[in-house]
Amino acid sequence: MEEIIRGAKSIKEAESLKGKRVLLRLDLNVPVLNGKVEDDFRIRKSIPTINYLKERGAKVVIISHIWEDESKTLKPVYDHLVEKIPLTFAQDCINKETQDAIEKMQEGDVILLENLRLYEGETKNDINFANELSRLADIYVNDAFAVSHREHASLISLPKLLPSYYGLLFEDEIKNLSTVLNPSKPFLFILGGAKFETKIPLIIEYLEKADYVYVAGALANDFFKVQGYEMGISKLSGKDYKLEDYLDRKNLILPKDVTVKNKDGIFVKKPSEVESDDMILDIGVEAMIELKELVSKSKFILWNGPLGDYKKGFRDRTIDLAKAIIDSPAKSVVGGGDTFAVISKLKLEDEFDFMSTAGGALLEFIYSGTLPGLEALKNQA
Ligand code: 3PG
């Protein structure tokens, strides 16, 4: 841990926080359903750093992104957080009204600014946007481990402009994850969900590192497609990742069968039997048996992303997988916003060896041993 983080500073090292305006980068990108936060794991995990700063008399200016199909505003997050901590909400990150609201803050006050990704400067890592943000504060704290794999302005450029620190959650993630940088073998990597752009490159990387790479969720559909199967109205990336180059890898395992929905009901089929009006929404029965067998013979399991489309009600197999992992003697690390949305309802989160708040960042950290957001803290001005 010390080696990985050397050169970056903990918020606990900041001399005096009293009266200081602190720009606190959190990852509050949580699932939202019908305008309400569906799972608050990331929010709950962010609270210790907010309280740490409040208790020391800082003026806490929270910045975050949210990039959910259902929400491009942090208002639902604000509505949820305000039940736990008194705070205000600014509908803009940098305008005059926001500047004035920050100017008026008292020691211990907290304000949440609107979604950073509504500004294109954020994802473009634009130094001018970072400059505008930096004017709002005296110091910067990155407690957004879960998005620190992105080279975005609030993660990469802000440490160039303000004295910078990492927060309590960031430290906890690194402390726990640095123990699994050299996983015991057999190592099973299970990847589900539908974030094609982030996850397909990781499947390719982990084919070199893991003993078994089990691909489920909508990600598997892209592989079935390059096998030449009809995918009906199932979710696909729409991109060409040249997946045919990996189909002969012995450690790549795709579901043997899938659960589909069509106008006549819900059926389990082989991927080769999917028809034009079918939508694949989960793995099938045989696939589940095979996956559980892999779980039982592995010593380390890294899991990210649900097996099925839980927002459409397909959560049972994901829950079954969670239980199988918990019952197995393997060391387990689990992460990803949608994964917790399924399992946190069952209060299973403390049963894994470690439940990370991160998805893509978790996979990238375990793969490469660092993240761009961490490197930026080390190379700060
Ligand atoms: C996540 O949900 O993994 C992080 O918040 C990063 O989100 P992103 O994949 O939209 O960058």
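1. A word on burial to begin with: a residue counts as buried when its relative accessible area is under 20%. By that cut-off, 59% of the 381 residues of this chain are buried. Please keep in mind as you read that this is a predicted model.

2. Let us take the overall build next. The chain contains 15 helices and 17 strands. Its radius of gyration is 21 Å, close to the 21 Å that the globule rule gives for 381 residues, so the chain is as compact as a globular protein of that length. Along the principal axes, the C-alpha atoms fill a box of roughly 65 × 45 × 35 Å.

3. A good place to rest your eye is the open sheet of six strands. Its order is β11-β10-β9-β15-β16-β17, and the pairing is parallel. At the edges are β11 (252-253) and β17 (354-355), each of which pairs on one side only. As background, strands of a sheet pair through backbone hydrogen bonds, in either a parallel or an antiparallel way.

4. Within this sheet, you can follow β9 (residues 187-191) to both of its neighbours. It runs parallel to β15 (residues 300-304), with five bridges joining the two, and Leu-188 has Ile-301 as its bridge partner in β15. The pairing of β9 with β10 is also in the parallel sense, over four bridges; here Ile-190 has Tyr-214 as its bridge partner in β10.

5. Is Tyr-214 buried or exposed? Tyr-214 is buried, as is Tyr-212 on that side of β10 (residues 212-215). The other side carries Val-213 and Val-215, which are buried too, so both faces of the strand are covered.

6. For contrast in direction, look at β12 (residues 258-262) and β13 (residues 265-269), which pair in the antiparallel sense over five bridges. Together they form a hairpin, with two residues between the strands. One bridge to find on screen links Lys-261 to its partner in β13, Ile-266.

7. Now to the ligand. Which residues surround the ligand? They are Asp-27, Asn-29, Arg-42, His-65, Arg-117, Ala-146, Val-147, His-149, Arg-150 and Lys-195. By type, this shell divides into two nonpolar, three polar and five charged residues.

8. Three side chains of the shell deserve a zoom. In Asp-27, a side-chain N or O atom is 2.6 Å from an oxygen atom of the ligand. For Asn-29, the distance from a polar side-chain atom to a ligand oxygen atom is 2.9 Å. In His-65, a side-chain N or O atom lies 3.0 Å from an oxygen atom of the ligand. On its own the ligand has 310 Å² of accessible area, and the protein covers 90% of it.

9. Finally, some backbone details to check. Most residues other than glycine have a negative phi, and most peptide bonds are trans. Lys-185 and Pro-186 are joined by a cis peptide bond, with omega about -5 degrees; Pro-186 sits in the loop between α8 (168-177) and β9.

10. Two residues other than glycine have a positive phi worth a look. Asn-125, with phi near 50 degrees, lies in the loop between α5 (120-123) and α6 (127-134). It counts as partly exposed because its relative accessibility is 23%, and the partly exposed range runs from 20% to 50%. Lys-347 has a phi near 55 degrees and belongs to the loop between α13 (337-343) and β17. With a relative accessibility of 67%, Lys-347 counts as exposed, the cut-off being over 50%.

Conventions: Residues are numbered from 1 along each chain as its sequence is written. This is a predicted model: local features need pLDDT of at least 70, side-chain atom pairs count only at pLDDT 80 or more; totals for chains, interfaces and linings use all residues. Side-chain values use heavy atoms; hydrogens and water are left out. A residue is near a molecule or strand if one of its heavy atoms lies within 4 Å of it. A polar contact is a pair of N or O atoms within 3.5 Å; within protein, one must be able to donate a hydrogen and the other to accept it, and residues adjacent in sequence count only if both atoms are side-chain atoms. Accessible areas come from the Shrake-Rupley method with a 1.4 Å probe; for residues, only the protein chains shown count as cover. Ala, Val, Leu, Ile, Met, Phe, Trp, Tyr, Cys and Pro count as nonpolar, Asp, Glu, Lys and Arg as charged, and the others, Gly among them, as polar. Two strands pair if DSSP finds at least two bridges between them. The radius of gyration is taken over C-alpha atoms; the globule rule is 2.2 Å times the number of residues to the power 0.38. Buried means under 20% relative accessible area, exposed over 50%, partly exposed in between (1.4 Å probe, protein chains only).
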